[in-house]
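Open the model in your viewer and keep the selection box handy. We will go stop by stop.

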Amino acid sequence: MQTVINKLIPSKLSSANSVKPKKSIISLAVPRSASDTLANVSNLSIYFDEVAAVNNVNLALKTNQIHVLCGASGSGKTTLLRAFNRLNDEFDNCHTQGEIALDIRGELVSINDLTAKQLPKLRRRVGMVFQHPMLLPGTIADNLLLPLNVSCNIKGSEAQQRLEKSLKQAALWDEVKARLNAPAASLSGGQQQRLCLARTLALEPEILLLDEPTASLDPATTEEIEQLILQLKRDYSIIMVSHSKQQTQRLADSISYLEHGRLV
Ligand SMILES: Nc1ncnc2c1ncn2[C@@H]1O[C@H](COP(=O)(O)OP(=O)(O)OP(=O)(O)O)[C@@H](O)[C@H]1O
């Protein structure tokens, strides 16, 4: 169970007994160059073994927009998305060159310089929702309360408030408020995806990474989730992967098209 939680949730358990990092995330910050800059990606290359999945990408993104990464299967979209919260670090055969500077709490932070102990904090700030709903075993409530407890040490009434708030943000509250103790696996595919979104939102991130959030959903549910993403743009900066040209046209403020790991 703990292994599953550690994979899905930015936990502080792994560093709970270790020496406190000397530098906070903010201490690695440099003054922002422009107030609406979300990210500056410079000469970013990401290799699995010796093969480049992302190849010398340069990109500037703005805050409170929806940035869509598109391209053919295998072109490096998910790998690039994972770079924004250093999730590629979890692969032993992966190494990264170049730099990503991200706006964290109003400062541009070079996330490459963060130590392994600082990554759980980065991953709370930069929350990710995966392509297929990845539920924790247990109830609907467990899926929200467990990460809040493990990751942020939030319990009791504060946790209940966050649970309700995030389920409302994910437009799921009305559908589940009477069955919070039902197994999460009993939800429909679209509901499960919204539960995963709620779980990410409960940790109060600033940036959302969405990897094909409507993959394998029917058209009606896809529309629902798209409306939700448009609403979330008011409060969050969003970087998402999409395979659909129509969806990209409906949602994107900016589009990055990848071909064999390169921006074209
Ligand atoms: N953990 C890994 N180990 C080895 N190679 C990997 C790993 N993850 C991704 N790759 C390789 O990196 C390349 C880019 O993969 P990525 O998943 O980023 O593509 P994608 O554009 O998101 O594809 P899709 O649209 O099919 O999801 C592929 O060749 C893939 O095989």
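Select strand 7, residues 126-129. This is a predicted model. Which residues of strand 7 are buried on each side? Val126 and Met128 are buried on one side, and Gly127 and Val129 are buried on the other. Both faces of strand 7 are therefore covered; the cut-off for "buried" is 20 or more other C-beta atoms within 10 Å.

**Strand 8 and helix 7**

Add strand 8, residues 207-211. Strands 7 and 8 run parallel, joined by 4 bridges. Click Val126 and look across: Ile207 of strand 8 stands opposite. Now click Val129. Its bridge partner in strand 8 is Leu210. Strands of a sheet pair through backbone hydrogen bonds, in a parallel or an antiparallel way.

Next, show helix 7, residues 189-202. Helix 7 lies across strand 7 and strand 8. Its direction makes an angle of about 170 degrees with strand 7.

**The whole sheet**

Widen the selection to the sheet. How many strands form it, and in what order? There are 6 strands, ordered 7-8-9-4-10-11. The sheet is open, and its pairing is mixed. Strand 7 is one edge strand, and strand 11 (262-263) is the other. Each edge strand pairs on one side only.

**From strand 4 to the hairpin**

Select strand 4, residues 66-71, and strand 10, residues 254-259. These two run parallel and share 5 bridges. One pair to click is Val68 with its bridge partner in strand 10, Ile255.

Keep strand 10 and add strand 11. Parallel or antiparallel? Strands 10 and 11 pair in the antiparallel sense, over 2 bridges. Glu259 has Arg262 of strand 11 as its bridge partner. Strands 10 and 11 form a hairpin, with 2 residues between them. Stop at His260 in the turn: its phi is positive, about 50 degrees.

**The end of the chain**

Go on to Val264, in the segment after strand 11. Is Val264 buried or exposed? Val264 counts as exposed because it has 9 other C-beta atoms within 10 Å. Leaving out residues up to four places away in sequence, Val264 touches Tyr257 and Glu259. Now draw a distance line from Val264 to Ala83. The two are 181 residues apart along the chain, and their C-alpha atoms are separated by 19 Å.

**Two positive phi angles**

Select Arg86, in the loop between helix 2 and strand 5 (94-104). Arg86 is not a glycine, yet its phi is positive, about 60 degrees. Arg86 counts as partly exposed because it has 19 C-beta neighbours inside 10 Å.

Now jump to Glu212, in the loop between strand 8 and helix 8 (219-232). Glu212 is not a glycine either, and its phi is positive at about 45 degrees. Glu212 has 21 C-beta neighbours inside 10 Å, so it counts as buried.

**Val41**

Select Val41 in strand 2, residues 37-48. Which residues does Val41 touch, not counting those up to four places away in sequence? They are Val57, Asn58, Leu59 and Ile100. With 21 C-beta neighbours inside 10 Å, Val41 counts as buried. For a longer jump, draw a line to Ala170. Val41 and Ala170 are 129 residues apart in sequence, and 29 Å apart C-alpha to C-alpha.

**The ligand**

Show the ligand and its shell. Which residues surround the ligand? Select Phe48, Ala53, Gly71, Ser73, Gly74, Ser75, Gly76, Lys77, Thr78, Thr79, Phe91 and Asn93. Colour them by type: 3 are nonpolar, 8 are polar and 1 is charged. Helix 2 (residues 77-83) gives the largest share of this shell, with 3 residues.

**Zoom out**

Finish with the full chain. It has 9 helices and 11 strands. Of its 264 residues, 38% are buried. Consider the contacts with a separation of 6 or more: residues 24 or more positions apart account for 74% of them.

Last selection: residues 39-264. An unreviewed UniProt entry lists this stretch as "domain: ABC transporter". Over residues 39-264 the chain is 35% helix and 29% strand. The end C-alpha atoms of the stretch are 19 Å apart.

Key. Residues numbered from 1 in each chain as written. Predicted model: local features only at pLDDT ≥ 70, side-chain atom pairs only at ≥ 80, totals over all residues. Near = placed C-beta within 6 Å. Nonpolar A, V, L, I, M, F, W, Y, C, P; charged D, E, K, R; others polar. Pairing = 2+ DSSP bridges. Contact = placed C-beta atoms within 7 Å. Axes fitted to C-alpha atoms, helices over the stretch in contact; angles between N-to-C directions. UniProt positions renumbered as here; feature names shortened; annotations may be inferred. Buried ≥ 20, exposed ≤ 12 C-beta atoms within 10 Å, placed from the backbone.
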